[in-house]
Amino acid sequence: MAEIVAAFGIPHTPSFVATVAKEGPEAPVAKLFQSIKNYLDDVKPDVIVKFDSDHWNTFFYDNWPTFAVGISNETAGPIDQTPSMPWYKVLVDESLGQHIQNVGVNNGFDLSFTKEFLIDHSILVPLHFLTPNMQIPIVPIFINTFVPPMPSANRCHDLGKMVRKAIESWPNKKRVVIMASGSLSLEVGGPRMFEGKTFGVPDPIWAERVVKYFESSNINELVKNSTTEQIAHAGNIAGEILNFIALLGVVGEKKPIFLETQLELGNAFVAWRLDK
Amino acid sequence: MSVYQINKICREILLDLNFRSKTQNDPSKSISVFSLTTEERKFLLSGDVASLYKLGANAFLLQHLARFNVFGLNYENYNKKMRSIKT
């Protein structure tokens, strides 16, 4: 059976790519990703399962799943033309994707799927920094974190628990890493942007609270407090917290071994070791 | 109200390079194929993103218009117009 070896919660801020291209490996954000990369390389993953918010690129209002698995051998991107990022081809583990969908549908999660899809910065910014050779196949699990009605925090937490069960019952001796990305409080393009910026952080106090929940692994409080109202208050992109909550459904009560924040951007970098 | 069509135009500006350059060159002709109300067309062509937002258009998608400089928008004037909305 497969083993879940580590979990990572990270940001996918598109401008990081150009920043690091310009400033090099000494840029503070490059160092943060390097710390995460060191943990990732240590656990020697065979496959990465990624909880992800598509930003109206892979999907659109004509056909928008609440939860969907990418089931394919390959994908590519970034379709949203992230500045300074090359066009990447990315391997996808079709067998694990299909297995997760099967287990989901048989356990009360009627997961949608897509067999031909492209991906945006939300998957590729983390991979650009963490697996730049794109040598590790991924399985994307898309969560509707933006378009009301979004799934509840509780439902996303249960999704994570189901995904854990699915991976642990996958009859392949593979080492699996779970990843989620996003910001904890973020407004992009809306009235709560900072002056002269393309984004704002409407609720930094919430972002700090979330980080404390991560630190103390107080998942129940995080799930209880991540209401629709709280998420809306934290910004039009703050639903990305649902990716982290799904991730915590996989992680369980374990405390992180690494946690750094960028509260001015509503971001956190978190790592958990889960191997035996 | 055709909020779906407004959102779709924003997304096409990002993803369809041909539509993007057509819209940069001749915005009125370029968006003529979409079913918009007279008011929506007016707001779009004048880059009135605050009014489009109030009609229900998605802010994340609207910002693509500023990124690619269509309808007279750029990041600077987009930021001012959007921030003028009381929240």
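## Close-ups of strand β8 and its partners

**View 1. A:Ile4 meets strand β8.** Within β8(A), A:Val176 is the bridge partner of A:Ile4. This is a predicted model, and this pair makes a good starting point for a tour of it. Strand β1, residues 3-10 of chain A, pairs with β8(A) in the parallel sense, and 7 bridges join the two.

**View 2. A:Val47 meets strand β8.** Which residue of β8(A) is the bridge partner of A:Val47? Here we come back to A:Val176, which is the partner of A:Val47 as well as of A:Ile4. Strand β2 covers residues 47-52 of chain A and pairs with β8(A) over 5 bridges, in the parallel sense.

**View 3. The surroundings of strand β8.** Is strand β8 enclosed or open? Of the 7 residues in this strand (residues 175-181 of chain A), 6 are buried, so the rest of the structure largely encloses the strand. Across chain A, buried residues account for 53% of the 276 residues.

**View 4. Stepping back to chain A.** Welcome to the wider scene: chain A has 9 helices and 12 strands. Its radius of gyration is 17 Å, close to the 19 Å from the globule rule for 276 residues, so chain A is as compact as a globular protein of that length. Along the principal axes, its C-alpha atoms fill a box of roughly 50 × 40 × 40 Å. Among contacts in chain A with a separation of 6 or more, 80% link residues that are 24 or more positions apart.

Conventions: Residues numbered from 1 in each chain as written. Chains lettered and ligands numbered in written order. Predicted model: local features only at pLDDT ≥ 70, side-chain atom pairs only at ≥ 80, totals over all residues. Helix = DSSP H or I, 4+ residues; strand = E, 2+ residues; numbered from the N terminus. Rg over C-alpha atoms; globule rule 2.2 N^0.38 Å. Buried ≥ 20, exposed ≤ 12 C-beta atoms within 10 Å, placed from the backbone. Contact = placed C-beta atoms within 7 Å. Pairing = 2+ DSSP bridges.
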